[in-house]
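The following note is offered to a colleague who has not yet examined this structure. Its points are numbered so that each may be checked separately against the model.

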Number of protein chains: 2
Amino acid sequence: MRLGTWGPNAELIGEPGGRTRLDTPALVLDVEAFERNLGRMAATVRASGAALRPHAKTHKSVAVARRQIAAGAVGICCTTLGEAEVLAGAGIRGLLITSPVVTDAKIRRLAALNTDADGISVVADDPAAVAALDRATAGRERPLSVLVDLDVGVHRTGAATVDDALALARQVDAAPGLHFAGIQAYHGSVQHIADFAERRRRIAEALEPLRRLVQALVGLGLPATIVSGAGTGSHEIDSQGGLFTELQAGSYVFMDVEYNAIGFRGGAPPFETALFVATSVVSARHPGFVTVDAGVKALATDGPLPQVSRGAPEGTVYAFRGDEHGQLTVPAGLPPPALGTVVELVTPHCDPTVNLYDRYHVCRGDTLVEIWQVDARGRA
Amino acid sequence: MRLGTWGPNAELIGEPGGRTRLDTPALVLDVEAFERNLGRMAATVRASGAALRPHAKTHKSVAVARRQIAAGAVGICCTTLGEAEVLAGAGIRGLLITSPVVTDAKIRRLAALNTDADGISVVADDPAAVAALDRATAGRERPLSVLVDLDVGVHRTGAATVDDALALARQVDAAPGLHFAGIQAYHGSVQHIADFAERRRRIAEALEPLRRLVQALVGLGLPATIVSGAGTGSHEIDSQGGLFTELQAGSYVFMDVEYNAIGFRGGAPPFETALFVATSVVSARHPGFVTVDAGVKALATDGPLPQVSRGAPEGTVYAFRGDEHGQLTVPAGLPPPALGTVVELVTPHCDPTVNLYDRYHVCRGDTLVEIWQVDARGRA
């Protein structure tokens, strides 16, 4: 969604150097790096023969989802029903909700989104939830597509055993309101293993139950049309493993300090950092450090520290200094950035950082070219 | 602001037990505890002879600010210009922006808010920022009230020495567009010292420069009409110290795991926990634990862990399990809450948790009575 005429930075659109004068804190998207990331993931997945259904939990944005579809994605994953409602409302097709929807109120809203083929599908891991989904959709014209969620070691969601998953698949298949569409298996805990070979080894281990489940479903005459999973950290491995029909990677569009720190097949990440937080120096009363206006409410605190990418001397280090402030400490002997200077930071963990903002400031070089909305921010 | 007819939970307003059926994750305000907190802080501060200008960085809400004013507050503190714009737009008077406003674009917006006496004031800690404020307001009918910010050991914002602060006070006083209104001194780092006596000792030490500054200003013929500072952790100490004319406490309205853990004058906190995050069990595939729909995007991660307050057996422990999920582990031998159960958590750190939500679900007992907006969420 374009919002070029709204917000405190809209008057900077098209101004040379507008990126360095943003009202802060502000989310900055380097759209050229972003577009290269879209293209690289699309090419890698296409070459493997798998499909890409990238995850909107990272970006929560209609504008980004549209560009992912335009680059060849078969649809978009959502974690929350609210994200799916926002994207469906904007005409995005092929939505998959990757976390179980279990309460009656949410199931009613989900059923209302199931308006056409390839509109929406959802995962389930519990017989009671499958029964509730069936009750809400039975008698409707179109069955709701359900993927059985298999726990491959994360112990967060998913059937705990292959036998449980088989029973759920049979239950879905027998439910008049439901269509058994396949399997989801997401191994989130391996995504950030730093060493690529170790990550590959751990993934092979973790996916052994998935391999048995897929074979058993064939034996039952209930083959999984879709086998969905994988993330940015495993996309090179999972696209080659012959198990997944589609990949759910999300962070590749932006990258962050966490994903920049791990090894990929070729060593360095095949994706560029495209997302930054712009922050301004608001206090400069000490020789070696300054205070900026981005703190806990502007940067995710669940991962590593943000890294300084521009506007301050090389080697400058960020530290959280409360809800609305951070400290930039420059290397000894160097002058800190002056009062009012806009400094950019690489986001520590992109998904929860994006969730703190309403807008992307889309830049080409130093020019602000558009403002996109974080349409599904706060939509649970 | 009332939003009783909007949002996924609006249909539960007035329904018995609606609080236990909320669409989640959702922010729940126990309005009776909240009102008692308002009354207790007002009484404590009133008895001391000081004034209360409570901090909106905690709640970002017009509805809460109005109730604080109705309970006797002389105005409202804001950290960000965006918060001040939202509250001013709703008619809240006596706004003080407690972080320096230094960039030209923000200073222009600030000057536009300075429409009447007791409308808005701002802190400053830098001669360049004072000059910029003066340039933006010179020639206007009404001078902008400025408090000089003194660093009392936090090293985040504030003049680094008493002499620097005196020079700033003289500069403000000499500026035709500005009015010298007094001093701000906020010692954030002592607020969470667990032991009350140790906290009192550290505060006395930290405030020694403030005492010298206040005396020196009297000697200069520039007495500080306002001396503003203090927080929930120091309000009992700072209201008695004879230095502060007004207190900026914010978290007392809600309380959280952090503030519940420290000692107050009477031992236990004089305020009740009034704010909770409601979350639902979305996966229950293991004997000793379940997965809920509140994770890193629903609960602040900069402090302690959230604590379970209702809906699960006593002794149940929460752990983060990613952006949208958490794990509740029950004590050995007890049954975990069933799929779909709504469980409430005490927020770990209230300010950045509130910043993740758009709405407060205001409850009396188990009845949802109103929905208030987090009006200034995301307003930097």
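1. The model is a predicted one. A suitable place to begin is helix 5 of chain B, residues 127–137, whose buried residues are Ala129(B), Val130(B), Ala132(B), Leu133(B), Asp134(B), Ala136(B) and Thr137(B). Although nonpolar side chains appear in this list, so do Asp134(B) and Thr137(B).

2. What do the buried residues of helix 5 of chain B pack against? Their partners include two helices, helix 4 (104–113) and helix 6 (162–174) of chain B. Strand 5 (120–124), strand 6 and strand 7 of chain B are also packed against by these residues. After helix 5 of chain B comes Gly139(B), which has a positive phi, near 90°.

3. The strands just named belong to an open sheet of chain B, with 8 strands in the order 2-9-8-7-6-5-4-3 and parallel pairing. At the edges stand strand 2 (51–52) and strand 3 (76–78) of chain B; each has a single partner strand, so one side of each lacks a neighbour in the sheet. Within the sheet, strand 6 (residues 144–149) and strand 7 (residues 178–185) of chain B are paired in the parallel sense over 6 bridges. Leu144(B) has Leu178(B), in strand 7 of chain B, as its bridge partner.

4. Chain A likewise holds an open sheet of 8 strands, ordered 2-9-8-7-6-5-4-3, with parallel pairing. Here strand 2 (51–52) and strand 3 (76–78) of chain A are at the edges, and because each has a single partner strand, one side of each is left without a neighbour in the sheet. Strand 5 (residues 120–124) and strand 6 (residues 144–149) of chain A run parallel and are joined by 4 bridges. Opposite Ala124(A) stands Val148(A), in strand 6 of chain A.

5. Chain A is divided into domain 1 (10–29 + 270–373) and domain 2 (31–256). Taken over C-alpha atoms, the centres of these domains of chain A are 33 Å apart. Domain 1 of chain A brings 22 residues to their contact, and domain 2 of chain A brings 19. On the domain 1 side, helix 11, strand 16 (359–364) and strand 17 (367–373) of chain A each provide at least two residues. Strand 16 of chain A has the largest share of that side, 4 residues. By class, the domain 1 side consists of 14 nonpolar, 5 polar and 3 charged residues.

6. How many residues of each chain take part in the contact between chain A and chain B? There are 50 residues of chain A in contact with 50 residues of chain B. Helix 4 (104–113), helix 5 (127–137), strand 10 (275–283) and helix 11 (350–354) of chain A each give at least two residues to the chain A side. Strand 10 of chain A gives the most, with 3 residues. The chain A side comprises 16 nonpolar, 19 polar and 15 charged residues.

7. The relation between the copies deserves a separate remark. Chain A is superposed on chain B by a rotation of 180° with 0.0 Å of shift along its axis, at an RMSD of 0.0 Å. The two copies are therefore related as by a two-fold rotation axis. Thr301(A) is the residue of chain A that comes closest to this axis, at 2.9 Å (C-alpha). Since 100% of the interface residues of chain A are also interface residues in chain B, the copies meet through the same surface.

Key. Residues are numbered from 1 along each chain as its sequence is written. Chains are lettered from A and ligands numbered from 1 in the order in which they are written. This is a predicted model: local features need pLDDT of at least 70, side-chain atom pairs count only at pLDDT 80 or more; totals for chains, interfaces and linings use all residues. Two residues are in contact if their C-beta atoms, placed from the backbone, lie within 7 Å. Ala, Val, Leu, Ile, Met, Phe, Trp, Tyr, Cys and Pro count as nonpolar, Asp, Glu, Lys and Arg as charged, and the others, Gly among them, as polar. Domain bounds come from an automatic or database domain assignment. Two strands pair if DSSP finds at least two bridges between them. Copies are superposed by least squares on the C-alpha atoms of residues with pLDDT of at least 70 in both. A residue is buried if 20 or more other C-beta atoms lie within 10 Å of its own, exposed if 12 or fewer, and partly exposed in between; C-beta atoms are placed from the backbone.
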